[in-house]
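Q: Please take a close look at the charged side chains in this model and at how they pair. I would like one connected account that also covers the packing around them.

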Amino acid sequence: MRDYEVPEHLASEILSGRCVAFVGAGFSASAVPTWRELLARIGEELGKEDPGAWARIRDALPAPGARSPSAFDLEVFGQLLQDAFPRDGAAFERAVKTVLDAKQTDETLDRRKRLLCEIPFESVLTTNLDQHLAGDAPEPRAYSEALRGHLSWYERSDWLSDRRLRRTTIKLHGDANGRPDENPVVLTRSEYRKRLYRDARYSNFLRAVFATRTILFLGVSFTDAYLNEIRSEILALLEDPEDPGPGPVHPRAYAVLPELSQAKQAYFRRHEGIQVLAFPIPNPGDFSGFDGWLEAIHGRTSPQARLAGLLRGKRIAWLDPHERNNEYGMQLLERAGAEVESLAGPGDLDPARHAGLDLLISHFGYHRQREAAALRLLAELQTWEDRPPVIVFASGYEADENRRAVLRRGAYEYTSEWPGLFKLIEQLFEKILGRRPSASSKVRQAV
């Protein structure tokens, strides 16, 4: 058994919408060929039309063996491949798509994609070409959305659509969609050079991300030379040359990486600004430790997990005569581990039973002939020695006037939207009452 203790700073950055996931090839390695295999199969696919061209360069492909070919070696062969089969039309793009479509997804990647999609990252950047992660081309609209998409966990979740999060995913090295005019793939030395030096917007976007966001690297081997160079520029910009200490209190990035010694982890923290979330490989090909970290991060930060951490074991009453109006919300609270009771009106309140409630949610309950239900509720609670906090969850009709009315009578707050409700719940149970969420920061996983 192994404990995966998610750093508090990382969890906080994700929940507050300041963390970007950077996804590399290791994330989908179980269902996608290695870089070397990809180049070989692309060559074989193109060679069906021109066997002679493939025969002339085939021997330049780094041989498989104990020593993994370097990124430079593979970029060189990618360049030779492009030169041998010039991109006249969509043949090259079709070949890449054919190769990447050949190996289907598997349970490991399915689970990883689900977890990734449910963690409220501000955005996701990926160098992967395959179709397992859908995303946008690196262009100004996507850059703007990624850099201006600062939303906390309760704002990023579309509460009316189960588990869907609003965020931007950018495929930095292209998309194997078979269409040369829609985010073409980047596999060669000249293409990397063009992307970095001829399109200043691309490199400036990456600099902005590395300088202003906390990054979580997933499946990244740090072999992309130009990405390492940009990170180095940002470290040189932000580090204090007069400070010989261990670096800033909080790391600028985190990386889930296998089997690194303590010395190398210390190097990453001091000289790369990266805190390593390490995992062992007990047997060849066993990367369950990577999944253990992903599950632990999901267990701390997904909206459903966050809500459970705030509400597990809490007693809540929801006051509204039209119970069906709140069915969805009550189900969310119950799935989060709260005990939820439905009340038809203020007359259902019983001090003996309800004084100990952790929260009371009420509709406003406008009535033509008497005070609104929320106002009568608050008047009744004023007579109690011990009364629960009240959040009025109602429509946006005359919201400002109604909010003033309920706040004057002692309500905690008034809101008319689901994100607002969960924001208030977080403020109430963590910040106002000074309680930490009950969800454990550790997930136990067999490895």
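With which side chain does arginine 306 meet in a salt bridge, and what is the N to O distance?

A: The model is predicted, and every value below is computed from it. The partner of arginine 306 is glutamate 426, and the salt bridge between their side chains has an N to O distance of 2.6 Å. Arginine 306 belongs to helix H14 (residues 303–311) and glutamate 426 to helix H19 (residues 418–432), so this pair ties together parts of the chain that lie 120 residues apart in sequence. Both ends of the bridge are out of the solvent by the accessibility criterion: arginine 306 is buried, and glutamate 426 is buried as well.

This pair is one of 24 salt bridges in the count. Side chains of opposite charge can pair when their charged atoms come close. A second case is glutamate 122 with arginine 213, whose side chains meet at 2.8 Å from N to O. Here the partners sit in loops that are 91 residues apart: glutamate 122 lies between helix H6 (107–118) and strand E3 (123–126), and arginine 213 lies between helix H10 (200–212) and strand E5 (214–218). Glutamate 122 and arginine 213 are both buried.

A third case joins arginine 403 to glutamate 413, with an N to O distance of 2.5 Å. Arginine 403 is in helix H18 (residues 399–408) and glutamate 413 is in strand E12 (residues 413–415), with their positions 10 residues apart in sequence. The two ends are classed separately. Arginine 403 counts as partly exposed because its relative accessibility is 33%, a value between the cut-offs of 20% and 50%. Glutamate 413, at 16%, is buried, since the limit for that class is under 20%. Elsewhere, Arg111, Arg112, Asp291 and Glu295 are joined into one network by salt bridges that share partners.

Arginine 36 provides a contrast. This residue, in helix H2 (residues 35–47), is buried but forms no salt bridge, and the nearest side chain of opposite charge, that of glutamate 37, is 6.5 Å away. Once neighbours within four places in sequence are set aside, the contacts of arginine 36 are with Leu61, Pro62, Ala63, Pro64, Pro69 and Leu74.

The packing of the helices completes the picture. H18, which holds arginine 403, is among the elements that cover the buried residues of H17, together with strand E8 (315–319), strand E10 (359–362) and strand E11 (390–393). In H17 (residues 373–381), the buried residues include Ala373, Ala374, Leu375, Leu377, Leu378 and Leu381.

H10, which precedes the loop of arginine 213, packs on helix H11 (residues 225–238) at an angle of about 50 degrees, with 10 Å between the axes. H10 and H11 are therefore oblique to each other, and their crossing is right-handed. At this contact, Tyr202, Ser203, Leu206, Arg207, Phe210 and Ala211 of H10 meet Tyr226, Leu227, Ile230, Arg231, Glu233, Ile234 and Leu238 of H11.

For the chain as a whole, there are 19 helices and 13 strands, and buried residues make up 51% of the 447 residues. Among contacts with a separation of 6 or more, 72% are between residues 24 or more positions apart. The C-alpha trace spans about 90 × 50 × 40 Å along its principal axes.

Definitions and conventions: Residues numbered from 1 in each chain as written. Predicted model: local features only at pLDDT ≥ 70, side-chain atom pairs only at ≥ 80, totals over all residues. Heavy atoms only, no water. Salt bridge = Lys/Arg side-chain N within 4 Å of Asp/Glu carboxyl O. Helix = DSSP H or I, 4+ residues; strand = E, 2+ residues; numbered from the N terminus. Buried < 20%, exposed > 50% of the residue type's maximum accessible area, 1.4 Å probe, protein only. Lys, Arg positive; Asp, Glu negative; His and termini not counted. Contact = heavy atoms within 4.5 Å. Axes fitted to C-alpha atoms, helices over the stretch in contact; angles between N-to-C directions. Parallel < 35°, antiparallel > 145°, perpendicular 65-115°, else oblique. Left-handed = near helix turned anticlockwise from the far one by under 90°.
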